[in-house]
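Me: Please take a close look at a single part of this model, and explain the terms as you go.

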Amino acid sequence: MNEQLQLYRTTTDLYRDFVMPTYAPKLLLVRGQGSYVWDHAEKRYLDFGSGISVCNLGHCHSAVTKAIKTQAQTLMHVSNLYMNVQQPRLAKKLIKHGFDGVVFFANSGAEANEGLIKFARKWGDPQGKNEIISMHESFHGRTLATLAATGRSKYREGFAPDMPGIKQVEFNDLTALEVAIDEKTAAVILEPIQGEGGVIPAEIDYLKGVRELCDRKGVLLMFDEVQCGMGRSGYFYAWQGYGVKPDALSLAKALGNGFPIGAFMVKREYAETLTVGTHASTFGGTPLACAAANAVIDTMHHENILANCQKQSHYIKGKLNELKAKHSTIVAIRMRGLMIGIELTCAAAELLPGLQEKGLLALSAGENVLRLLPPLNVTVDEIDQAILIINREFTAIEKSS
Ligand SMILES: Cc1ncc(COP(=O)(O)O)c(C=O)c1O
C-alpha cells in the first residue's frame, strides 16, 4: 500500500474509533493555499465553501500566518484579568468600521450569540423584559440558548426542553413580528442574510420596518453576522448594505480567517449593561486570537478585499445567470456579495459529491440550495473554473434524470 493510502486508512480508522460521530467526513484534506486545498493523494480542489465562510482571505494567507507566528513566539495567552496589547486594538478596528460601541470577545459564533442573548436579558431585566424573538429558518448555533433561537426545529430534536423565553416568527414578515412583540419582549435577533436556512436575504423594506418597529416598541434589534459579516456581503458589516444599524451584533467565522475567535458588540449607550463579573470567557480575546484577527482586518484594507468581493460578485452573477438559462435544475439565484445560493429543483446535498469529484468543494443550505462562499479574494480565473465544473455537473445530472 502506498504512503498516501496508508495515511488515509489510518486517519479513517482513528476517526471511527476515537472521534464522536457528529460529522461524517470522507475527504481527507492535508494542506491549503489561497482558494485551493489538497487531499492526501495530492488532488487539488477549489474551495468554494471557504470552510463555511471562515477562510475569507483564502487558506494560509501569509499576513495572517505571519501574525500568528510572531504572536505565538511573544505571548499566546493571558487571562482577561490582565490587559494585552492586541485585544483593544482589535476592538477599535471593529468599532471604526461604523458601529460606535464596545466589544466582548469569545471563541465561536454560538458563544458570541449566547452573549447577545445574555446581554438582551440583562438589559431587559429591570423592565421585566426577558423574551427574545428570532426567525423561522434561522441558525444561531448549537448551545442551548442559541439552539432555542435557531428557527430550524430539526436541530432541537432530542434536546428538550428548549430554553424558555425564545419564540420564532416568519422571516421577512413585518406583521408577524409586530403581532409577536409584547411587553415581555427584550430583543429581536435575526441574520440580515440567512445562511444555513438557504441564503435568504432580508428584504430592505422589511429590515427598515423591523428597525422602526423595535424603536417604537422599545425592543433591542440584534443582528447575527457570524456568516454574512466580515465582508462576505460586499460590505464590512452586512447591515451596511441595508443602511439599517442594529443595537448589537455578533461576528465569528471569518474574523480570524481560520483562527477561532468570535465577538459581540453593543452600542455605546448599552456599554454598561454587562459590567465586571457579569460575563466572561477564559479564551475570549487572547493575544493570539486577536493578533490573527487584527491581521485579517489590516489585510482586508491593504488588499481591497471589499472591492474585489463586489467586483467578483458582479462577475459570478452574470455567469450564474447564464447557467440558469441553460439548466432547468436551477430555480433561482440569490446572492449578496459572495454569499451565493442557487435554488434547485432537487436536494442540493446530492450534487456535492459530483462537484467534489470534479474538483470543487461547495455547500448546501436549507434542503435545495447549493451554497457558494468563495474566498473574497477569488479571481476571475477561479470563478471560471468553478462555473465550468458546476455546468458539467448540472449537465450530468440532467442527462441522467
Ligand atoms: C449565522 C450563524 N450564526 C451562528 C453560527 C454558529 O457558529 P459556530 O459554529 O462558530 O458556533 C453559525 C454557524 O454556521 C451561523 O451561520
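Reply: A residue is called buried if 20 or more other C-beta atoms lie within 10 Å of its own, exposed if 12 or fewer do, and partly exposed in between, with C-beta atoms placed from the backbone. Helices are DSSP runs of H or I with at least four residues, numbered from the N terminus. The model is predicted: local features need pLDDT of at least 70, side-chain atom pairs count only at pLDDT 80 or more, and totals for chains, interfaces and linings use all residues. Residue numbers start from 1 along each chain as its sequence is written.

The part chosen is helix α3, residues 62–72, in which Val64, Ala67, Ile68 and Gln71 are buried. Viewed down the axis of α3, these buried residues fall within an arc of 100°, so they line one face of the helix; the arc is that of the directions from the helix axis to the C-beta atoms. Ser62, Lys66, Lys69 and Thr70 lie on the other side of α3 and are exposed. The buried residues of α3 pack against α9 (287–302), where contact requires C-beta atoms, placed from the backbone, within 7 Å.

Another helix, α12, spans residues 380–400 and contains glutamine 385. Glutamine 385 is partly exposed, because 16 other C-beta atoms lie within 10 Å. Between glutamine 385 and glycine 359 there are 9.3 Å in space, C-alpha to C-alpha, and the two are 26 residues apart in sequence.

Conventions: Helices (H or I, at least four residues) and strands (E, at least two) are DSSP runs, numbered from the N terminus. Two residues are in contact if their C-beta atoms, placed from the backbone, lie within 7 Å.
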